[in-house]
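Biologist: Please take a close look at the aromatic side chains of this protein and at the nonpolar surroundings in which they sit. A connected account would be appreciated.

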Amino acid sequence: MAIRPQHGEVYYPSEEVIARARVKDWEAMYKASIEDPQAFWAKEAEELEWFRHWDQVLDDSNPPFYKWFVGAQTNIVHNALDRHMKTWRRNKVAFYWIGEPGDTRTISYRELYNEVNRFANVLRGLGVKKGDRVTIYMGRVPEIVVAMLATVKIGAIHSVVYGGFSVEALRERILDSESKVVITQDGGWMRGKVVPLKDTVDQAVVQTPSVEKVVVVQRLGPEVKPVNMVPGRDFWYHELMASPLAEGPSPTEVMDAEDPLFILYTSGTTGKPKAILHVHGGYMVGTYTALKYVFDLQDDDVWWCAADPGWITGHSFIVYSPLVLGVTSIMYEGAPNYPTPDRWWQIVETYGVTAFYTAPTAIRGLMRYGEEWVRKHDLSSLRILGSVGEPINPAAWKWYYRVVGGERCPIMDTWWQTETGHFMITPVPTVPLKPGSAFRPFFGQVAEVVDDEGNPVPPNTEGYLILKNPWPAMLRTLYGDPERYVETYWSRFPGRYFTGDSAKIDEDGYFWIIGRVDDVIKVSGYRLGTAEIESALVAHPDVVEAAVIGVPHEIKGNAIHAYVVLRAGLAGTPELEKELIEFVAQQIGKIARPEKIHFVDKLPKTRSGKIMRRLLRAWTLGLPEGDLSTLED
């Protein structure tokens, strides 16, 4: 193997992993992809079907408004469903679905194709046309996939809003996108409780004049969750699907490669949510390529991305790229620890999951219950694991590797964003891994860590993470706000994409993501990453999770305050507080010693699992809480 890191703790892939993998020589493949990125991406695009071939791979004449596969025509749904009807995959399982109460469904590619075609006809019958926006506000049920694909099949644009967002957050997103139709369900299950989705929609659409129709999937039934149906506006999904409206041929709309595919809102630390716009051609090629190489998915795999379709992770790696790749996926409705902490491991064992992808916050939460819940189950089907959403601290990485993966499954620690569409800094299964490092940039991409002036910093020095090359799955703009797009991503370091994250690169060229730039604390002139201090705290055997903030200090500039969740059954004491403060000092240095430890039962997080340090700072300083639309609880 060419890559032989000289520094730090390193985990090497097994011969079995190397023998199976698509990427045998990462260095050679990466070098070729950087020398000619357009040739790399064109080769990947040739594996998919196009109604018309491109005239030009990349049009970079008007940066940062890049265009990919210029002149090509396609539709991502054609590659996700239509083309599989010509092969043996039409009878392959697309989804194993598990409801939280225990009900299950098995859906083949052919069944999904038929359902999508019927619902596409329904949407056309409700007046949805090419370019119209459709808001989808649902839980983790198969119909959310149908709704997304049917919307895109007819050339409309979906805006999926996570099914736990508030009335205000949903209303704001509907107003901004000017959606014509909202698709929801009567309710969903989460931890044994009903999530009243339709009730939230009813309140939100009162002040959204663009909404003409609401389609409601019946998940629970009137005996569990009666809902109000407004005549002329509200329609039951099952009644529409059984009506003449659903009948007849359902052609897939021919789309330009640069035609809009979806809008997905992501919250900044301030201001209104940003409407990220992705397009058919580039997003299709990018996500397909990333999933294929990074998780090495092949025809015998059972893939489980344990995210929610309402986030970019779910869009890219539950809905689109697995279907384009033709793999079998798991979708589970409920919580990982309900009704018992081994729910996920039961599913892995039952369905023979081979590739599993989740967030560090979920891993740390399950660590809290101990190893015995995992060890009750046969997880020998697993061959590869993944991490997404935030940097994974080394202690959680090692637990995941040892307890869940049986010390045989490489962990794909992926860094990426809603904006990037897919993994941008990531390993592949055949490279040596360092716990807590996201490895190096994905094929076709060059990343740098730079100082305030945009100059590369020395090894092990923290700086701003930037991306130098355009890539096919990149966002094209912020919907309706191109000036904000330029200002947010391209003005800080002109000509380069500013990620908003800080990172460092070690002597071996491995990237270590530290966190958002606003998650950096300057103490006595030293820049300290919250993730680094949090990792030190979590390395203590009594600590499960930690979040760190900076509080203004008249001498140091900022003092460090830490919020800590302890192992089940432990209580915070003054003695433990002192012990943790000194433990951090030993791990990092005295400069990183927290001034105060707050013991809490849980941390405030977004629904995608990111800790809301902004909220902790507001509480500590008595400031306004700001936008809470993404708060989990």
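Modeller: The account below turns from the nonpolar core to the ring pairs and then to charges over rings.

This is a predicted model, in which local features need pLDDT of at least 70, side-chain atom pairs count only at pLDDT 80 or more, and totals for chains, interfaces and linings use all residues. Residues are numbered from 1 along each chain as its sequence is written, and side-chain values use heavy atoms, with hydrogens and water left out.

A nonpolar core is a set of buried Ala, Val, Leu, Ile, Met, Phe, Trp, Tyr and Cys residues joined through side-chain atoms within 4.5 Å; buried means under 20% relative accessible area, exposed over 50%, and partly exposed in between (1.4 Å probe, protein chains only). The largest such core has 152 residues, and Phe69, Leu112 and Phe119 have the most contacts inside it.

Rings of Phe, Tyr and Trp (its six-membered ring) pair if their centres lie within 6.5 Å; planes under 30 degrees apart count as stacked, over 60 as edge-to-face and the rest as tilted. By this rule there are 45 aromatic pairs. Trp41 and Phe442 form a tilted pair, with centres 6.4 Å apart and planes at 50 degrees. Trp41 is buried at 1% relative accessible area, and Phe442 is buried at 2%. Tyr357 and Phe423 pair edge-to-face, at 5.8 Å centre to centre and 90 degrees between the planes; Tyr357 and Phe423 are both buried.

A charge sits over a ring if NZ of Lys or CZ of Arg is within 6 Å of the ring centre and within 35 degrees of the ring normal. The charged end of Lys434 lies over the ring of Tyr510, 4.7 Å from its centre, and that of Arg492 over the ring of Tyr464, 4.9 Å from its centre.
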